[in-house]
Every structure is written in structure tokens, then in C-alpha cells.
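Got a few minutes to look through a protein model together? Have the sequence and the 3D view open.

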Amino acid sequence: MSHIIAAKAGERLLLMGNEAIARGALEAGISVAAGYPGTPSSDIIERLAGVAKERHLYVEWSTNEKVAMEVAAAASFAGLRSLCVMKQNGVNVASDFLLHLAGSGTRGGMVLVPCDDPGALSSANEGESRHFARMLEIPLLEPGDFQEAKDMIKWAFEFSEEIRNVVMVRSVTRLSHASGSVVLGRLPRTERNAFFKCDGPALDPMEGPVFSMPVTLKHSQQQKKLQQAVAKFEASPFNTYAGPENPELLIISSSACHLYSKEAIHMLGIADRVGLLKMGTTWPLPPQLMQNYLGLTDNILIVEEVIPFLEENVKILVAELAPQIGIKKFFGKKDGTIPMVGEMNPDLVIAALSKILHIENDAVPEIYTSRARELFSAGAPPREMTFCAGCPHRASFWSIHNALRMDNRKGFVCGDIGCYSLAMLPTGFSTLKTLHSMGSGTGIASGFGKLGPFGFDQPAVAVCGDSTFFHAVLPALVNAVHHRSDITLVVLDNSGTAMTGFQPHPGLPVDAAGNEVPAIDVVSVGRSMGAVVRVCDPFDLQNTQKTLLELLEQKGVNILVLKQICALSPEKKAWKPFEMSVDAPTCIGEKCGCNQLCTRVFKCPGLIWDKQANVSRIDEVICTGCGVCASVCPSAAIGKKEVA
Amino acid sequence: MQVFGSSELIEDVFNKDLCVACGACVELCPYFKNYKGKTVMLFPCNLSRGRCFAFCPKAEVDLDVLATRFWNTPYEGTPLGKYQNVLMARAGEKMEKAAFQAGGTVSGLMTLALESNLIDAAALTDRENMVAVPRLVTRAENVCGCAGSKFMAAPTLSVINRGAIQGYERMGVVGTPCQITAVAQMKTNPMKSEDFKDPVALTVGLFCTWAVDTRKLLPLLAECIGDACIQGMDMPPPPSEIMVIDTGDHRVEIPLERIRPMVPKGCRVCPDMTSEWADISVGVLEGKPDWNTLIIRTETGAQLVKDACRQGYLKTKPILAENLKHLCVAAANKKKRALIRARDKGLLNTSAKDQRAVLRLRPESAQKIIENDPEEQCRIS
């Protein structure tokens, strides 16, 4: 049984932040959880899917975040409690629905958990979800540690039912993926019954139809709910203060940043000079509470990540409260005390505090920094980001890159989000020339494919993954076919949402909980739209290149599905199809005629250049035996033997 | 001969649009590939010297080095190059009628060369879906399948490179002057390898004034003949200004003014009309559409022609003085035009350190070629 339900109430466990959130949702008695995979949020749905049977839940990896939110909303309308999970940019995708949902209101408690990625450790952006709470006018909570991650979720569900609206509980990477100590609460015994009552009086929030109209009426009702939130937040235990009665400096912080601030204060030994106000309820800010603490000193430092959301909201409050509390001196992002991009960490807070309080402090001694710099450049080998050994994308981009070169019309590839985003780097032969959000590769290519009348004559190619195909490519593909755009779409089908942990998607015959479900066939969908669709195995380099060269010359929408399972999928990892070897005498790597093609250009991690012997060889530990390098070697020095 | 690497090749030939897609740089390594008549570099190679540059007929071709290797003299610049004899020729009775170009001389010679094991494979040019493609033919009966001029630049030499790797040791090549020049450079062992082996035993060069870029010609062909099959192509001699395409049931004429813009720039700096570095050179014979002009240059060439005549693969007759003179004047004119153009474009005998040349020869010889009057020169020849 999963450890998040095996332990009893009152027990203390070491839980990952995401596990604490999942446990909190279980303790709140959710019935439905929906999301789309996105680091650092994916584990929440995975843990809930793992206990779906025992806890009688419906857990879904939806096609995209908008649909996920709609699925969770349906459960809420039927009186059940539902959880909706995504990474920061998932909220962008769901935002149109969220705008209307916040207007129409909800019934059963509904909590939206976006997990942001400041510093973009696993994202192509460091966008923020917090602004949506303010913009779409729903309450925002931010857990500051792991216990709070669990407790806040439970409380958020109760509060969501009180105000009949979505509550956002926002996490970040360093909470979601770090672990801490959590004391468990009780799991509920009773379950709810689902029924959507919608034939009552038109404006009845629990029995009438669910609309965001009449808009001004509903909107002012929505704003009243926010005022209810403010009243609750004034006395919330999620807002805490630690420090002297008359601090020199007040730090206002939230989320993981409050932990960094705590650590910085401790390391500098200034707990008697600096007060730390940790806000757990960050939108709307409770003015009474803020007034109490803002009155303690005139110097305010706001510590948060990326964009100054908290900072600006505090400044607005201070402007409103000026008659009572006077003018304040602010330190934060706007004045450059802390950076406006990237993650925060204790060192940055220490540097800020040292500057503000005029403390002599070298977080890292200069001599250490200079020695480290020397050693780093001389001693640490440069490590580029790379596709795994055996990754089908390496083979796919080898063919796509070479086909475009041979086609010789300056064709290019519009990329998309997934492991294959790495194809903008040498590991994918720098093939991608644009990279934006999910599905944008096809949309952009569809635009390029209509520029013929303006003299445009370059082949426009888009790539996408199998999960991305369903998430966001479909509308762009319809657009291309319907408007007769000349594009080639390469669907890199590796049988899973690989980048985020190999979750299932609508193209696969299995769902989040492991049940058998109908798979939707990419090839049939493409053909029914009217596109030309061909399928190849990307490991068959010759056939893939030949097919691609043919498609590049054809007008209209041409789809090439490159089907080969991800190297990290459980079924692939279990066996090695080929035993690979390099015949040293045949290897001409250092001569005219090769110039180390396999290790200098193809660069699979399973291939090593032996500097002493001046030949290539196979790293038997890393090599997965996919066999592709045998087709790459120009002198057939790489052999492959089928493993019995 | 100065040898550089692939970056210089890209700079000097590809970026200056001088590539004639001869195929000399293709199949030596995985970096250069030819697709539908266009040679491209897939990835940069960082070697400072390579065979691609050494073999390329548009990169640092030193005519004196070649003339010394082949004839033991510096390059003289005579219109037709060095030769033993010029005859008129056609395929003999042993050769079954096929889609020969003019007399079918090349088909006859190559068939015997394979039949008699003088060569173990022949690098020829076939046609597939309108595109000229290289073929390494190993059986004598398959030679005629490649008969007929293609007029499109095709990477025929790529199959020589692949053939050498596959172990063929005595290959024959039928090529245009640029291709024969590339093979001539190959034969000089420009990389000075210790284990150098010349895999080419026979070169048959064609006459050529210019070729046509495949990628540019294909849409024009499609427009003129749709998806019909091409049985034959021809360019009748001046004053006719047309290219003729024979599809079997139609004869389509395309005005040369539509073809001329499709001539690769590299052809304009080519001084060689009759494949001066070949064992045998073959071309049309003015006024006699089913005969060829045959130039015998080397002992190997002479022996093959003798054997071909004796065994019925070839028939020869003395050539008329008038024909020889016209050929000479045309060749001298091409040489003169090419040197003038190369000089004007700064591609001849460059001296600056980072300015590489297309052609090198003794300045006095270059001057003579540029200044001479072809009619005058051919009276003496």
C-alpha cells in the first residue's frame, strides 16, 4: 500500500512537498483529481492515482490543463471535492476557463494547485501563476513548509465551499520536490454522492444553472467572496511573525523564500534586529494584519521569487495606509536589492541583509571563489545537455537535419515542448530554430506555410511529441489543413509523456490509474483531417530520410510519424536489443573520411573517443544497444549483434 | 598542389556558387552528400586538409602539376590538349542497337572494357525519374542501360569513391571534363598517403561546353513533358538554338534561351572542352549525327580502341580536316573564355595568402591563351 495512506493519523512521516499536498487532498475527502504532467507538479496526480482504488477516487491525466480544470469543475458542480494540478504555464492554458469559473462560482470544494518553477529548472520560462489569483480574483495561499503544504490544502477545501469559489494553493520546486517532516491527520470515512442540481432558481448558487452571467452581478458577488477571504485571512494561522517587537528591518516573505530568510537571519545572527513576517495568505493581503506589522518599522525588505507580486501588493497597501503608518522605505526587486529573475537562495538574502544593515559579510570568501573558478575551468569537464543513449530523438533529428540539408532550400524546424526541445542544442544538431509553448511549433509553421505570396520558399517543418499532439497541436493542425498551408509535421511518437516522467496520454491504451482505455490513433486523426500521413521507425535512418525528403517536396500538410519507444520506458529499459562493438582497425575516426563523426557530431553518450588508441569505442554500461550508431559510422566499423 | 580542408571548400566553392556537382567530394566521408543533383555539406569537418578539397575540380587545380604527371611537360594550353590521334568512330556490329547518343562509341568501348576485364566496374550515369544518377556497373550487358547524354550535372564520381571502399581496384569512369579533372587530381595522390592505390584504370572523357543544374532543370522538364519518360536528350550543333527531348511518342523542343540561365557558374571558368586528362575523349561529330569524334590520348586508350575495332565493338575512320578544325576552334574559344572569366573574377593564379585560386598555371601560358586568336591557333594545330 502507498505510504501516504498506510500510516495512521498522528504519525510523523518524511514526505515530499507534493506528497504532503496529495495527503492533504485525501484528508479533505476529494473524489476527483485532474491535471496534465508538468514539472514540478506531476507527483501529486501520480500519488493520488496510486491510491485511487483504495480511496475510491477518480484520477485523470487530462489532454491538457484547460480540460483538466473543466473535469475538476464538473465534479465540484456535482457536489464533490476536486483537486486540479499543473505547473505554472498550465494555468495560462486553463486561464480562459478559470476566468469564467471564477465568475460562475463552484459548489463542492475545488482547489487549484499550480507548482511554479522559479529559475526554470525544468521549464522554458519562469512565468508565475500568482498573478492569476489577483487578475481572476480568487484567493491565493502559499505553503511555507511541508506541514503547511498538507494543512493548507485541507483548509483550502473547507474555505472553497464557504465562498463557493476556486482557491489557489501555490507551490514552488523547492517545496514540491524537497522533503520534510509532516504529522498526518485523519482520513475521512464517509463519501459524497454526485448529483448536479441545475433546475432551481436562476441565481441560486447551489441549485440553479452555472453561469458567469449576468456578468456585473456575478462579478460583484465574486468580489464579495474576496472580502470574505480577507476577513478570514486577518486571523489565519498561516501568517506568522518571528522577531523583536521593534525590529530595525521587517522582512515580508512567503513560500520557500521565508525559509531562506529564516536561514539568512540565523547565519548572520541578527534575530534581535530583524523581524520576519511570513505570509501564507498572499492574495488578497489582509490590511489589518499588514498594518500591525508594517507599523513596527520604516524599513521593509520583501523577499520573493521572480516578479515583484508581493512587493507591489504591499506597496499599494502601504500607500492606502499611509495616514496611519507613515512613509516606508522599501528594499526588494524594484530597487535592485534582490534579483528579478531566477530562484532565490539564502546567499542572496544574506547579501541583501548585509547591504541594508551595513554588515561586513562575505557569504563566500573571495579566495575560495577564485580558487573554485580556476578548478572549475581546468578540472571539471564541460557537460552539455544531451539526449539519453538510445533516445529516438537523436536518430529523428539526425534524419531531419540531414534531410533539410540535402533538400537545400534553407528549410528549418519550429520546435515544441518536450525532451525534444533539446534539439536546439548540439545534441539534436541545433535543428530547432524556434521554441515556444505547447503546440506552437505547428501553429508557427502553419503561419510560415502561407507566406508563399510574399516570396517565401523555405520548407517549414514542425515537430511535436505524441502527448503534445493531443494537448495543443490539434487546433493548429486543423488550421494548417483548412487554410492549405504548406508544412511538414513530424510527430515524435515515443509512446508517452516522456519529459515529465513517462505519464500516459490519450494516444495510449492505459490511463493514470493503469486501467485499460481506448487509445486515439495519431495516424487516423491526421488522415481524417485530410493530411498525408506516413509512419517510419526513426532508428531506420535511411527510410526516415528518404520519406522525409519526399514529404518536403509535397505541397499541403504532410505528417511523418516517427514511432519508437522512449529509451527510459520500463519495457525498453529491461532489455538490450543489440550488443554493440567498434572494430578498432576499421575505425578511421582521426583520418580524412571521418573526423570522429560518431563522437564529435552524433555524440551518443554510449560512444567514447579513446584518446590513446585514437579510435572510438562503446561504453558498455551506458550503451542501450539501440543499434543506430552502426548506421552512422561511414566505414562500418561499428558492429551490432542481436542479443539472444 | 595546395590542399586545404572542407571549410575552405565551402568558402571557395559552395559559397561562391562554383560547385558543378561532379561528385568528387561525395562518399569520401559522411559530411558531403548529393541529392537530386545538389551537393551539400551535412556537418562541418574540422580537418585542415582533406581529399574533398584536393579532388575538387573547382578548387586549386594546378594544370602544370597535372600536365607534369600525365605528359611530363608543363601545361601548354593547346586547344585539344595532348593526344595521339583523332578519328571518327561509332559502335561496331557486336553492339546491339540501343539508345546511343550519336554513334554509341562510349557504350562500345565500356562494354568491351568490362567484357575483357580491363576494368572491374564502370562508373556511368543513368537516368531515374528525369534525374541523372550515378551507377557503378559491373556487368557488360548493363552498360547500354546508361547510354545517352544527360546534360545534367550528376555526381558520377561518388560511385568511384564508394567503389574504392568496396574494394574495386580497376574502375573505369565516363565523365565530363570537370569529372575527369577531378580523377586526374586523385591520381596524383595529393594527400601523399603512403598506402595510396589508384583505383581508376580507365577514363573516358566526354566533350562538354556546359552542363545544366538539375534542380533548376527539373521544373522546366516537368512543364514541357509532364510525367512522360525521357528516352533521349540532344542539343543539335549551332546554328540550332534548342534542346530536344524525346519521350518516345513526342519530340519536344526547348529554346536554349530558357536553358542557359540554368548553367552552373562553375562551368564558366572551365577551360576544358574535350576532357584533356582522359585516356580517350568522345563527343559529337558535326554533320554526322550517328558518328562520334574520338580522341585517343594515352597508350591505355590506344590499346582499348585497337581491341574494340578488332573485336567488333567499335568502327573507326579518319576524321575530315574541316571537322577537326571546327572542334579545335570551339575548344580554344572555351579555354580562352574560361581563363578571361577566371582572371576577371580573381580566381586565376591568386597570390594573396588567404585567397585561393580555382586555376593555376604558368602566367605566361595563361597570358598566351587569353591573347591568342583561336582561328589562327587552329590553323597551325
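Here come some questions and replies about the two chains.

Me: Before we start, what kind of model is this, and how is it numbered?

Reply: Residues count from 1 along each chain as its sequence is written, while chains are lettered from A and ligands numbered from 1 in the order written. Side-chain values use heavy atoms, without hydrogens or water, and local features need pLDDT of at least 70, side-chain atom pairs pLDDT 80 or more, while totals for chains, interfaces and linings use all residues, since this is a predicted model.

Me: How is chain A divided?

Reply: The bounds come from an automatic or database domain assignment. Going along chain A, you meet domain 1 (3-234), domain 2 (240-357), domain 3 (392-571) and domain 4 (576-642).

Me: And how far apart are the C-alpha centres of domain 1 and domain 4 of chain A?

Reply: Picture one centre for each of these two domains, taken over C-alpha atoms. For domain 1 and domain 4 of chain A, the distance is 50 Å.

Me: Which residues touch the most other members of the largest nonpolar core?

Reply: A nonpolar core is a set of buried Ala, Val, Leu, Ile, Met, Phe, Trp, Tyr and Cys residues joined through side-chain atoms within 4.5 Å; buried means under 20% relative accessible area, exposed over 50%, partly exposed in between, with a 1.4 Å probe and protein chains only. Helix H15 (residues 392-407) of chain A gives the largest share, seven residues, and the core draws at least three residues from each of domain 3 and domain 4 of chain A. Among its 113 residues, the ones you're after are A:Phe397 and A:Phe469.

Me: What does A:Phe469 touch, leaving out residues up to four places away in sequence?

Reply: Contact here means heavy atoms within 4.5 Å. With that cut-off, the partners of A:Phe469 are A:Cys464, A:Leu474, A:Leu477, A:Leu489, A:Val491, A:Val522 and A:Val525.

Me: Which strands stand at the edges of the six-stranded open sheet in chain A?

Reply: Strands are DSSP runs of E with at least two residues, helices are runs of H or I with at least four, and both are numbered from the N terminus; two strands pair if DSSP finds at least two bridges between them. The order is S17-S16-S18-S19-S21-S20 in chain A, with parallel pairing. Each edge strand has a single partner, so one side of each lacks a neighbour in the sheet: these are S17 (432-434) and S20 (532-536) of chain A.

Me: Which residue stands opposite A:Phe412?

Reply: Strands S16 (residues 412-414) and S18 (residues 460-465) of chain A pair in the parallel sense over three bridges. Facing A:Phe412 from S18(A) is A:Ala460.

Me: Over to chain B: in what order do the eight strands of its open sheet run?

Reply: The pairing in this sheet is mixed. For instance, S5(B) and S6(B) pair in the antiparallel sense, whereas S8 and S12 of chain B pair in the parallel sense. The full order in chain B is S6-S5-S7-S8-S12-S13-S4-S14.

Me: Which residue in the hairpin of S5(B) and S6(B) takes a positive phi?

Reply: These two strands pair over seven bridges, with B:Asp126 opposite B:Val133. The hairpin has two residues between the strands, and the one with a phi near 50 degrees is B:Asn129.

Me: How many residues of S6(B) are buried?

Reply: S6(B) stands at an edge of the sheet, and yet the strand is mostly covered. Out of its seven residues, the buried ones number five.
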